[in-house]
Amino acid sequence: MEPVTVTVARRVAPGREQEFEQWADRLTDLASTFPGFLGAGRLKPKSPDDDWHVIYRFEGHEALAAWE
């Protein structure tokens, strides 16, 4: 079984970055309760016009499908 990675990209309104980070933390906390969850990370954009990315890694497609 090969690990799989999924990225969730979101454009965040200026001034709402902290709210987005809290939302992403809650989503990651929930994802961590699923079997096969391997970890997560977050990438902040270089400019406000770019997307934020939250990256999730699972041990395989079945684990990812269960989370989705």
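Student: Where is Pro45 found?

Tutor: In this predicted model, Pro45 sits in the loop between β2 (37-43) and β3. Not counting residues up to four places away in sequence, Pro45 touches Asp50, Asp51 and Trp52.

Student: Does Pro45 count as buried, partly exposed or exposed?

Tutor: The relative accessibility of Pro45 is 22%, so this residue counts as partly exposed. The cut-off for buried is under 20%.

Student: How far apart are Pro45 and Val6 in sequence and in space?

Tutor: Pro45 and Val6 are separated by 39 residues in sequence, and their C-alpha atoms are 17 Å apart.

Student: Which residues does Val8 touch, leaving out residues up to four places away in sequence?

Tutor: Val8 belongs to strand β1 (residues 4-10). With residues up to four places away left out, Val8 touches Trp52, His53, Val54 and Tyr56. Val8 and Ile55 are 47 residues apart in sequence, yet 6.4 Å apart from C-alpha to C-alpha. Val8 has a relative accessible area of 16% and is therefore buried.

Student: How do I read a pair of aromatic rings?

Tutor: A pair of aromatic rings is described by two values, the distance of the centres and the angle of the planes. Searching the whole structure gives 5 aromatic pairs. In one of them, Tyr56 and Trp67, the ring centres lie 4.8 Å apart and the planes meet at 40°, so the pair is tilted.

Student: Which parts does the pair of Tyr56 and Trp67 tie together?

Tutor: Tyr56 lies in strand β3 (residues 52-58) and Trp67 in helix α2 (residues 61-67), so the pair links parts that are 11 residues apart in sequence. Tyr56 is buried, at 0% relative accessibility. Trp67 is also buried, with a relative accessible area of 16%.

Student: Which residues form the aromatic cluster?

Tutor: Phe37, Tyr56, Phe58 and Trp67 form one aromatic cluster. Tyr56 also appears among the residues that Val8 touches.

Student: Is Glu62 buried or exposed?

Tutor: Glu62 is in helix α2. Its relative accessibility is 71%, so Glu62 counts as exposed; the cut-off for exposed is over 50%. Glu62 and Gln18 are 44 residues apart along the chain, and 32 Å separates their C-alpha atoms.

Student: What pattern does the protein follow along the sequence?

Tutor: The secondary structure comes to 2 helices and 3 strands. Read along the sequence, the pattern is β-α-β-β-α. The C-alpha trace spans about 40 × 20 × 15 Å along its principal axes.

Student: What share of the contacts comes from residues 24 or more positions apart?

Tutor: Among contacts with a separation of 6 or more, residues 24 or more positions apart account for 60%.

Student: How many residues does the protein have, and what percentage count as buried?

Tutor: The protein has 68 residues, of which 24% count as buried. About 4800 Å² is exposed, and carbon and sulfur atoms supply 50% of that area.

Student: How many side chains are positive and how many negative?

Tutor: There are 8 positive and 12 negative side chains, and the centres of the two sets lie 5 Å apart.

Student: Where is confidence lowest and where is it highest?

Tutor: The general idea is that predicted coordinates should not be read in detail where pLDDT is low. Here the mean pLDDT of the protein is 94, and 100% of its residues reach 70 or more. Confidence is lowest in α2, at a mean of 93, and highest in β3, at 97. The tilted pair described above has Tyr56 in β3 and Trp67 in α2.

Methods:
Residues are numbered from 1 along each chain as its sequence is written. This is a predicted model: local features need pLDDT of at least 70, side-chain atom pairs count only at pLDDT 80 or more; totals for chains, interfaces and linings use all residues. Side-chain values use heavy atoms; hydrogens and water are left out. Rings of Phe, Tyr and Trp (its six-membered ring) pair if their centres lie within 6.5 Å; planes under 30 degrees apart count as stacked, over 60 as edge-to-face and the rest as tilted. Helices (H or I, at least four residues) and strands (E, at least two) are DSSP runs, numbered from the N terminus. Buried means under 20% relative accessible area, exposed over 50%, partly exposed in between (1.4 Å probe, protein chains only). pLDDT is the predictor's confidence in each residue, from 0 to 100. Contact means heavy atoms within 4.5 Å. Accessible areas come from the Shrake-Rupley method with a 1.4 Å probe; for residues, only the protein chains shown count as cover. Lys and Arg count as positive and Asp and Glu as negative; His and the chain ends are not counted. The place of a charge is taken as NZ of Lys, CZ of Arg, CG of Asp or CD of Glu.
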